[in-house]
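User: I am new to this structure and would be grateful for a close look at a single part of it. Please set that part in the context of the whole chain.

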Amino acid sequence: MFDLAALVQITANITVSMYVIYHRDTYSFEPWHVYVAYLLVLWICILTVIFGNKLLPYTQNAGMFFVIVGGIVTIIVLAAMPKQRASNYFVWGSFDENNLTGWQGGVAFLLGVLNGAFTVGTPDAITHMAEELPHPRRDLPIAIALQIGLGFLYAFCFAIALCYAITDLGILQGGINTYPLVDIYLQATADGEGNQNLGATFGLLFIIWCASMLCCIGTTLTNSRIYWALARDNAVPLSSLFSKVNERLSCPVPATLFVAIIATGIGAIPLGSEVAFLNLAGSFIILTTVSYAIPFAANVLTGRKHFPKGPFHLGNSGFVINILAVLFITLFDTFYCFPYALPTNAEIMNYNSVILAGVVVITMAWWVVHARRSYPGPKVMGLYVVHDDQVLHGAAPGGGQEAEGFGEKKGKE
């Protein structure tokens, strides 16, 4: 749920920034302003997931529209509108002189990859929705490939256009719980005399706000379904409660509300410590990638004999890809545990290694106490990996009347 909290926090910052654009002379920032926006964004998403199940496919289509079309519009505006632009040297050759982290250039670059690594959340969300796809063996790899391909193309073009639009880097280098993209947009849309175009800045922020808001809805949906699936398989405490599905709403309401309550608490952390929240948000990358590295490594160590072949099986080259994936995950997760800047102290230290160790200890303890005897493993693995063409659409919440079939099937079990 750390990824959900991070996305909602970003959306809340955008929301506050859209207000600040027209009130820069009178507005005084307070952290609780962002938290109020955080609560509004989070609970709008929760209510949408619970009561608007039939609308969810349309929200994701709208999200794709804002990402693709809105992204193209944003790149065109950033490329065409600035009256002053950064030099080629600034964009391509000034990394070392603008590196304020205290780390050498190579290490600083690897630490900065953490921001881009958050995109792992999108294919991760797609995989966790496998039980609501009619043909996951075929559709999931295609969806992940499209997301990564389009995401890379858009992000690369957007990053270049954004860098050339920066005319004052110093104004972007202060503050933690802020949204520096606002100042870049203000610089990009200013006229030749430096007068700010507030309407254009607001419009560019609105595009990102819409995409982020719809992304938060999708992430809320994914988190609620993950926790429901864990409860269905008796992998978490109070499984009998959190495995319930409201068939009228086609939604696992208890699991969704549990996600909401936990996310509400996580969102309050920046009120006491902004660094602590950054650590929790950053740990999402480490915890997620470690969870991928474990089956990759196990698959290689067992000779890739126990995982059924899918439509896109890579043959012997899969060994190399699995090994490289584990090595890259190990390398980057190690760097993600480094302090963000030097010199460091207890207040600004990176505690991701502590979070990782704590999660491992808690998970192992729960395995010994409960899961070793009571957790049977995913009940639908064989269905979706081997025989997805025979799976009923009602195998998971989200299908209206089809979800009732899930309820009847669950009752018989």
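Analyst: The part chosen here begins with Thr220, which lies in helix H9. Thr220 is buried because its relative accessible area is 0%, below the 20% under which a residue counts as buried. The model is a predicted one, and the contacts described below are those found in that model.

What does Thr220 touch, not counting residues up to four places away in sequence? The partners are Leu4, Cys45, Ile46 and Val49. Two of these names return when one turns to Thr256, a residue of helix H11, which spans residues 253-267. With its neighbours within four places in sequence left aside, Thr256 is in contact with Ile46 and Val49, and also with Ile50, Ser224 and Cys251. Ile46 and Val49 are thus partners of both Thr220 and Thr256. Thr256 likewise counts as buried, because its relative accessibility is 0%.

Helix H9 itself covers residues 198-232, and Phe206 has its place there too. Is Phe206 buried or exposed, or does it fall in between? Phe206 is partly exposed, because its relative accessible area is 38%, a value between the limits of 20% and 50%. Thr220, by contrast, is a buried residue of H9. Phe206 also illustrates how distant parts of the sequence come together: Thr15 stands 191 residues away along the chain, yet the two C-alpha atoms are separated by 8.7 Å.

A loop offers a further case. Asn99 is placed between helix H4 (88-93) and helix H5 (105-117). Although it belongs to a loop, Asn99 counts as buried, because its relative accessibility is 17%, which is under the 20% limit. Once residues up to four places away in sequence are excluded, Asn99 touches Gln104, Gly105 and Ala108. Phe109 is 10 residues from Asn99 along the chain, and their C-alpha atoms are 9.3 Å apart.

Another part of the chain shows how two helices pack. Helix H12 (residues 274-301) and helix H13 (residues 317-335) meet at an angle of about 150°, with a distance of 9 Å between their axes. Their crossing is left-handed. On the H12 side, the contact includes Ile285, Ile286, Thr289, Val290 and Phe296, while H13 contributes residues including Phe319, Ile323, Val326, Ile329 and Asp333. Sorted by class, this contact comprises 13 nonpolar residues, three polar ones and one charged one.

These parts belong to a chain with 16 helices and zero strands. Of its 413 residues, 40% count as buried. Among contacts with a separation of 6 or more, 73% join residues 24 or more positions apart. The exposed surface of the chain is about 22100 Å², of which carbon and sulfur atoms supply 69%.

Where should the reader be aware of low pLDDT? Across the chain the average pLDDT is 83, and 89% of the residues score at least 70. Over residues 383-395, however, pLDDT stays under 50, and the model has 30 contacts for this stretch beyond four places in sequence. Residues 398-413 also have a pLDDT below 50, with 26 contacts in the model beyond near neighbours in sequence.

Definitions and conventions. Residues are numbered from 1 along each chain as its sequence is written. This is a predicted model: local features need pLDDT of at least 70, side-chain atom pairs count only at pLDDT 80 or more; totals for chains, interfaces and linings use all residues. Side-chain values use heavy atoms; hydrogens and water are left out. Axes are lines fitted to C-alpha atoms, for helices over the stretch in contact, and angles run from 0 to 180 degrees between N-to-C directions. Helices (H or I, at least four residues) and strands (E, at least two) are DSSP runs, numbered from the N terminus. A crossing is left-handed if the near helix is turned anticlockwise from the far one by less than a right angle, and right-handed if clockwise. Contact means heavy atoms within 4.5 Å. Ala, Val, Leu, Ile, Met, Phe, Trp, Tyr, Cys and Pro count as nonpolar, Asp, Glu, Lys and Arg as charged, and the others, Gly among them, as polar. Buried means under 20% relative accessible area, exposed over 50%, partly exposed in between (1.4 Å probe, protein chains only). Accessible areas come from the Shrake-Rupley method with a 1.4 Å probe; for residues, only the protein chains shown count as cover. pLDDT is the predictor's confidence in each residue, from 0 to 100.
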